[in-house]
Amino acid sequence: MASDDQPTIELRLDGAADSAPEAATGYAVAKRKRRSWIGWVVAGVILLILIVGVVLVETVGRTAAVRIAQDEIASSLGLESSEGVAVDLGSGSLILQALTGGLDAVTIDIDRFEVNGLESSVQVVATGVPVVSSQPIDTVSMDVAITGAEVSKLATTLSGTGLDSIELEGSAIRVSTVFKLLFFEIPVALDLVPVAAGDSIAFEPESVILGDEQISVADLRQNPLVSGLAGSLLSSQEFCVASSLPTALTIDSVAVANDNLVIQLNADGIALDDAAWKQYGTCPAP
């Protein structure tokens, strides 16, 4: 006889029930991680765009600044074009320098520049260059280098008598000629030292070489015979440069260095838009 009591089997999915909250928690964590990862990617992309933007602004700004500087320099120095004018604005960020009021240093190299008929090369170094043109530049130095070959064109300027040769010798310019006395020819060499003389360069006689003997000019001038014979050779001569340079620049020093006659000029504390950059001096007619 069948019993009314039927055996029952109770099925429990304890593992599934217990794991449901854990799965939900894991999903939430994964979702948060994915959102965090996406956030970092977005931030990285934005940062990259900003960096690229700054680089582009810096590059375009630097290129434009160089071009403007080249044109202004060519105009100020009376050059036919800005070709051969190189401008270095330094390695620092132009944006940061502009925000502080100006550029730390600017270097300018000019391949060809004429100084009263003599071809030269020029280097200009300016420090504390303001963004606002009405503000003064801290310092401006300009080196004009004239080669020995060009200096030889000064034959009529360096001496009142005919010269056979002109050479750069050490720290002086050595000129040579021959004096004729009765039936004798006396070769003479004279060392001239260049010095600044206002808006000109003076060539001061320092010593005379007769054969292997070097004699001071002061001693020769005290000798009536020699001073009368070589008076025109022993007199100081000048070479004017005022007509080739803006009046803003003044000659600081002149020297013979590295086989060049180097004229050093400066223009400290003068604003970029000062009229002195556009005005030139005058030189006596030859």
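Leu 94 counts as buried because its relative accessibility is 11%, which falls under the 20% limit used for that class. The structure is a predicted model, and Leu 94 is found in it within helix α2, which spans residues 94–99. The points below begin with the chain as a whole, then return to this helix and end with the salt bridges.

**The chain as a whole**

- The chain has 7 helices and 12 strands, and buried residues make up 32% of its 286 residues.
- Of the contacts in the chain that join residues at least 6 apart in sequence, 51% are between residues at least 24 apart.
- The accessible surface of the chain comes to about 17,600 Å², and carbon and sulfur atoms account for 58% of that surface.

**Helix α2**

- Leu 94, the buried residue named at the start, has its C-alpha atom 9.3 Å from that of Ala 65, although 29 residues separate the two along the chain.
- Leu 96 also has its place in helix α2, but this residue is exposed because its relative accessible area is 56%, and exposed means over 50%.
- Together with Ile 95 and Leu 99, Leu 96 makes a nonpolar surface patch of about 310 Å².

**Salt bridges**

- A search of the whole structure finds 3 salt bridges, and each is described below with its N to O distance.
- Arg 112 and Glu 119 meet through their side chains in a salt bridge with an N to O distance of 3.0 Å; Arg 112 is exposed, with a relative accessible area of 59%, whereas Glu 119, at 38% relative accessibility, counts as partly exposed.
- Lys 153 and Glu 150 form a salt bridge between their side chains, with an N to O distance of 3.0 Å; here Lys 153 is exposed, having a relative accessible area of 52%, while Glu 150 counts as buried at 13% relative accessibility.
- Asp 191 and Arg 174 are joined through their side chains by a salt bridge with an N to O distance of 2.7 Å.
- This pair links distant parts of the chain, since Asp 191 lies in strand β7 (residues 184–197) and Arg 174 in strand β6 (residues 172–181), with the two residues 17 apart.
- Asp 191 is buried, with a relative accessible area of 6%, whereas its partner Arg 174 counts as partly exposed because its relative accessibility is 23%, a value in between the limits of 20% and 50%.

Conventions. Residues are numbered from 1 along each chain as its sequence is written. This is a predicted model: local features need pLDDT of at least 70, side-chain atom pairs count only at pLDDT 80 or more; totals for chains, interfaces and linings use all residues. Side-chain values use heavy atoms; hydrogens and water are left out. Helices (H or I, at least four residues) and strands (E, at least two) are DSSP runs, numbered from the N terminus. Buried means under 20% relative accessible area, exposed over 50%, partly exposed in between (1.4 Å probe, protein chains only). Contact means heavy atoms within 4.5 Å. Accessible areas come from the Shrake-Rupley method with a 1.4 Å probe; for residues, only the protein chains shown count as cover. Patches are made of residues with over 30% relative accessible area and no salt bridge: like charges are joined within 9 Å, nonpolar side chains (Val, Leu, Ile, Met, Phe, Trp, Tyr) within 5 Å. A salt bridge is a side-chain nitrogen of Lys or Arg within 4 Å of a carboxyl oxygen of Asp or Glu.
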